[in-house]
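Let's take a walk through this model, helix by helix and then into the empty spaces. Keep the viewer open and follow along.

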Amino acid sequence: MKQFDHLSIFVSMIIALGVRHLILSVSGLINFRAKVKIYYPTMIWMISLLLLQLQIWWVFFYRHDIPDWFYFRFLFYLIIPITVSMVSHLLLPEIKAETNLKEIYDHNRKWFFSLLGGVAVISLTEDFLISGVAHFDLNLWFRVAFVALSVVGFSFGSKRLQLPLALFFLCLFIIYIALIFIRLG
């Protein structure tokens, strides 16, 4: 078994737990649909976070050609799926009757956007540490845009801003995937 194969199992487990949480949250929303207060930005962020979890797993394949893995390199990479999983739990804690998604969103908004922006910063830092060079390419500028959107979401709690922000992030993320990561390898 190659180093990458061994490490990919653990990364896949973390991502699977994050995806599982999102799936169970959707099931909870369906089960308690008559009593849960839906908040549309939360629903859009759920889609974005699912795509982000899948993207992290997809991008991990690009690490298959790293010949020597070191403990701290792996630990640094693990911070990304762990953080996204935490963001998912901040957005959607356990769903039960009388859950108010807007209250949860408002209560956790600053943590949500701090960690979400942190994922992009960690990703940029990890790329720099692996290559030793800052690549001023489209990938970098998309991640800078994700950090900027996270700063906006953190800084402005306006109810009128949250839905357009969530929609813009989702659209930008889909474009990011389509332009840079549509093919594996």
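Start with H5, a helix of 18 residues that reaches 26 Å from its first C-alpha to its last, close to the 26 Å expected at 1.5 Å a residue. Keep in mind that all of this is read from a predicted model. Now look at which side chains H5 tucks away: Asn-139, Leu-140, Phe-142, Arg-143, Phe-146, Leu-149, Ser-150 and Gly-153 are buried. An α-helix has 3.6 residues a turn, so residues three or four places apart point the same way. Try reading the buried set of H5 with that in mind, from Asn-139 through to Gly-153. The cover over these buried residues includes H4 and H6.

H3 can be read in the same manner. This helix has 21 residues and spans 30 Å from its first C-alpha to its last, close to the 30 Å expected at 1.5 Å a residue. Its buried residues are Phe-74, Tyr-77, Leu-78, Ile-80, Pro-81, Thr-83, Val-84, Ser-85, Val-87, Ser-88 and Leu-91. Among the elements that cover them are H1, H2 and H4.

Next, the core. Which residues have the most contacts inside the largest nonpolar core? They are Trp-45, Leu-49, Leu-91, Phe-112, Leu-116 and Phe-146, in a core of 50 residues. Helices H1 (3-31), H2 (40-60), H3 (71-91), H4 (101-131), H5 (138-155) and H6 (159-180) each put at least two residues into this core, and H4 gives the most, with nine residues. Two of those well-connected residues have come up already: Leu-91 is on the buried list of H3, and Phe-146 is on that of H5.

Trp-45 is a good place to zoom in. Setting aside neighbours within four places in sequence, Trp-45 is in contact with Leu-91, Tyr-105, Phe-112, Phe-113, Leu-116, Leu-165, Ala-166 and Phe-169. Follow one of these partners, Ala-166, which sits in helix H6. How much of Ala-166 is accessible, in relative terms? Its relative accessible area is 0%, so Ala-166 counts as buried. Apart from residues up to four places away in sequence, Ala-166 touches Pro-41, Ile-44 and Trp-45. For a sense of scale, Ala-166 and Leu-17 are 149 residues apart in sequence and 23 Å apart in space, C-alpha to C-alpha.

Two valines are worth a stop as well. Val-19 lies in helix H1. With a relative accessible area of 16%, Val-19 falls under the 20% cut-off and is therefore buried. Not counting residues up to four places away in sequence, Val-19 touches Leu-50 and Gln-53. Val-19 and Leu-54 are 35 residues apart along the chain, and their C-alpha atoms are 8.3 Å apart in space.

The other valine, Val-36, is in the loop between H1 and H2. Is Val-36 buried or exposed? It is buried, because its relative accessible area is 8%. Beyond its neighbours within four places in sequence, Val-36 is in contact with Leu-29, Ile-95, Lys-96, Thr-99 and Leu-101. Take Leu-101 from that list: Val-36 and Leu-101 are 65 residues apart in sequence but 7.5 Å apart from C-alpha to C-alpha.

That leaves the empty space. Rolling a probe the size of a water molecule over the atoms shows where empty space is left. The largest pocket holds about 670 Å³ of space. It is lined by 33 residues, and the closest to its centre are Arg-63, Ser-123, Asp-127, Asn-139 and Arg-143. H2, H3, H4, H5 and H6 are the elements that give two or more residues to this lining, with the largest share, 10 residues, coming from H4. By class, the pocket lining has 22 nonpolar, five polar and six charged residues. Asn-139 and Arg-143 also appear among the buried residues of H5.

There is also one cavity of 30 Å³ or more, and the largest cavity has a volume of about 30 Å³. Its lining consists of Leu-90, Leu-91, Ile-104, Tyr-105, Asn-108, Arg-109 and Phe-112. H3 and H4 each supply at least two of these residues, and H4 has the largest share, with five. By class, the cavity lining splits into five nonpolar, one polar and one charged. Three of the lining residues, Leu-91, Tyr-105 and Phe-112, bring you back to Trp-45, which is in contact with each of them.

Conventions:
Residues numbered from 1 in each chain as written. Predicted model: local features only at pLDDT ≥ 70, side-chain atom pairs only at ≥ 80, totals over all residues. Heavy atoms only, no water. Core = buried A, V, L, I, M, F, W, Y, C linked by side-chain atoms within 4.5 Å. Buried < 20%, exposed > 50% of the residue type's maximum accessible area, 1.4 Å probe, protein only. Helix = DSSP H or I, 4+ residues; strand = E, 2+ residues; numbered from the N terminus. Contact = heavy atoms within 4.5 Å. 1 Å grid on protein atoms, 1.4 Å probe; cavity = no way out; pocket = protein on both sides within 12 Å on 5 of 7 lines; lining within 4 Å. Points joined across faces, edges and corners; volume = space filled by probe spheres on them. Nonpolar A, V, L, I, M, F, W, Y, C, P; charged D, E, K, R; others polar. Expected span 1.5 Å × (residues − 1).
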